[in-house]
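Please keep the model open in your viewer and follow the selections below in order. Each stop names what to select and then says what is there.

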Amino acid sequence: MSEQIRQLLPLKANRRGIDRWSMGALIIAVLVVLPIAAVVWFALTPTNNIWPHLISTTFPRYLRNTVILMLSVGALTAVVGTITAWVVAMYRFPGRSWLQWALLMPLAVPAYVGAYALVDFLEYAGPVQSALRDMMGWENAADYAFPAIRTRSSAVIVLSASLYPYVYLLARAAFREQSGAGFEVARALGVGPFGRFFRVGLPLARPAIAAGVAVVMMETVNDFGTVDYFAVQTLTTGVFTVWLQGGNLGGAAQLATCVLGMIVFLVALEKLSRRRSKFFASARGQRPVSLTQLSGGQGGLAFLVCLLPILVGFVLPVSVLTSHALDAGQWVAPGLRKALLHTVTVAGLAAILTVLGGLFMVYGVRLSRRRLPRLLMPVTAIGYAAPGAVLGLGILVPLAALDNRFADAVLALTGRDPGLLVTGTAGVLVIAYVVRFFAIAQGTADAAFGRVSPSLPMAARSLGQSSGGVLKRIYLPLMRASVGSALLLVFVDAVKELPATLLLRPFSYDTLATRVHAKASLENISEAAPAALMITCVGLLAVIFLAKAQKEGLRR
């Protein structure tokens, strides 16, 4: 389609060498990639190189904890997500109709919120240990042994409960797309349920499961709130420690580069694992999988298998937070309304700018005859894979330098100090969110443009419409739903973002995420609960939209 449209461009645009759409797409791509390049530059040119010191002291611990968390969370989410996806895709049992959508609900609860709720539920003064003491007649902690809560194992459980829907969503789609004929043949050959899973279903769904696990592991590396609350020192927490506490930019950049390298390795490994795995559907209409009816004990077991992740990942944290938020006074606590206003403002503005930038870039690349914009467009997706701490480092330092130089120039000319115009305001948060979530808008826009029939823009161009007119009158009306979904997804992710917000926010500028982190770090769950519930409600909007989109896809 893009080639046909480019053939209709005015000749004078070609004579200029590059049109405004191509130039705009190139500028957007460069701006999105610059923070990553800045981090690598700081790592390679440190003012005070403490890398040998890090290698001999804290780096091995950071790396070990990060790798163990990645592998453990990846393995657990692979098991939970795959098994629940297989059960709802292959069997009919009581409660299946709502469980298959409820399994997505833990996506609405950020992992750090789940961490605060779990500790509050299991700590010494929590309901579990209090009930045990009342029931058994114990008077204090010396009378019984209870497992430690703030450990690496707890972090694995919390992260897995929050992230398994990524694997579940992709695995369920893969199982649904498989032909029922293969399972019928296996059944006719005497292969039992476990054999059909391991020999037929799992091998065909492996690429989708691998993609989901890769996303989970990237999110695990990105996490800060959970591991910080459980006192697990990872590479991400190391960036905060070395930069904010140690005051060493080069060392923090070197740790951030290690984090980025792990992300790139995960992406490359996931793509490499699927390189030689090719699966094709029959050209003829394939028969869908016939659901097997489960009743009695088997139906009850299937129900419990699907219910348990929902209880741990959604019901438990929401129940704990709700119990603390019943006090009406907490909803009018000082700072909560302002944090809500800040969150809606920066997340809303970031969503609008991100989607506009994504639309402009994808359209410009499609119109461009230049190779460079097309090569840079996939690179802009690295912002979504890069942890918030890495982006925060790559954005704050260059912008602060530009801010200070501009302020010095204004002071020299006018005698008045304008202060920090970007890094001293919430604008730096908007920039970070745009870079961090640009891949969502870009991917959504690219897919939406591809679904528009080439004949429509060609007809508009033949009637004298300009490139902008085609975008405004043809594409945007047909892409309204996709644009709305991109706005919602970027907004929700920006509301939940914690590491970049902690690093970049101006002084005394709280969002819902930073307020929850600050209050929970002080063990004040009651004041953290309202903000955490607000974040969860916003996340539920995305889950509802996702479930609706999945239902429409199934009808088709």
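A nonpolar core is a set of buried Ala, Val, Leu, Ile, Met, Phe, Trp, Tyr and Cys residues joined through side-chain atoms within 4.5 Å, where buried means under 20% relative accessible area, exposed over 50% and partly exposed in between, with a 1.4 Å probe and protein chains only. This is a predicted model, in which local features need pLDDT of at least 70 and side-chain atom pairs count only at pLDDT 80 or more, while totals for chains, interfaces and linings use all residues. Residues are numbered from 1 along each chain as its sequence is written, and side-chain values use heavy atoms, with hydrogens and water left out.

Begin with Phe93, Phe175, Phe449 and Val516, the residues with the most contacts inside the largest nonpolar core, which has 171 residues. Then select helix α16 (residues 336-367), which provides the largest share of this core, 13 residues; helices here are DSSP runs (H or I, at least four residues) and strands likewise (E, at least two), numbered from the N terminus.

Next, centre on Val516 and display Tyr112, Val113, Tyr116, Ala528, Ala531, Ala532 and Ile535, all of which Val516 touches when residues up to four places away in sequence are not counted; contact means heavy atoms within 4.5 Å. Widen the selection to helix α26 (residues 512-521), which is largely enclosed by the rest of the structure because seven of its ten residues are buried, among them Arg515 and His517. Just after α26, Glu523 takes a positive phi of about 60 degrees.

Move from Val516 to two of the residues it touches, Tyr112 and Tyr116. They form a tilted aromatic pair, 6.2 Å centre to centre with 50 degrees between the planes; rings of Phe, Tyr and Trp (its six-membered ring) pair if their centres lie within 6.5 Å, and planes under 30 degrees apart count as stacked, over 60 as edge-to-face and the rest as tilted. Tyr112 and Tyr116 are separated by about one helical turn because they are four residues apart in helix α7 (residues 111-122). Tyr112 is buried at 5% relative accessibility, and Tyr116 is buried at 2%.

Now add Tyr229 and Phe230, which form one aromatic cluster with Tyr112 and Tyr116. What sits over the ring of Tyr229? Select Arg150, whose charged end is 4.3 Å from the centre of that ring; a charge sits over a ring if NZ of Lys or CZ of Arg is within 6 Å of the ring centre and within 35 degrees of the ring normal.
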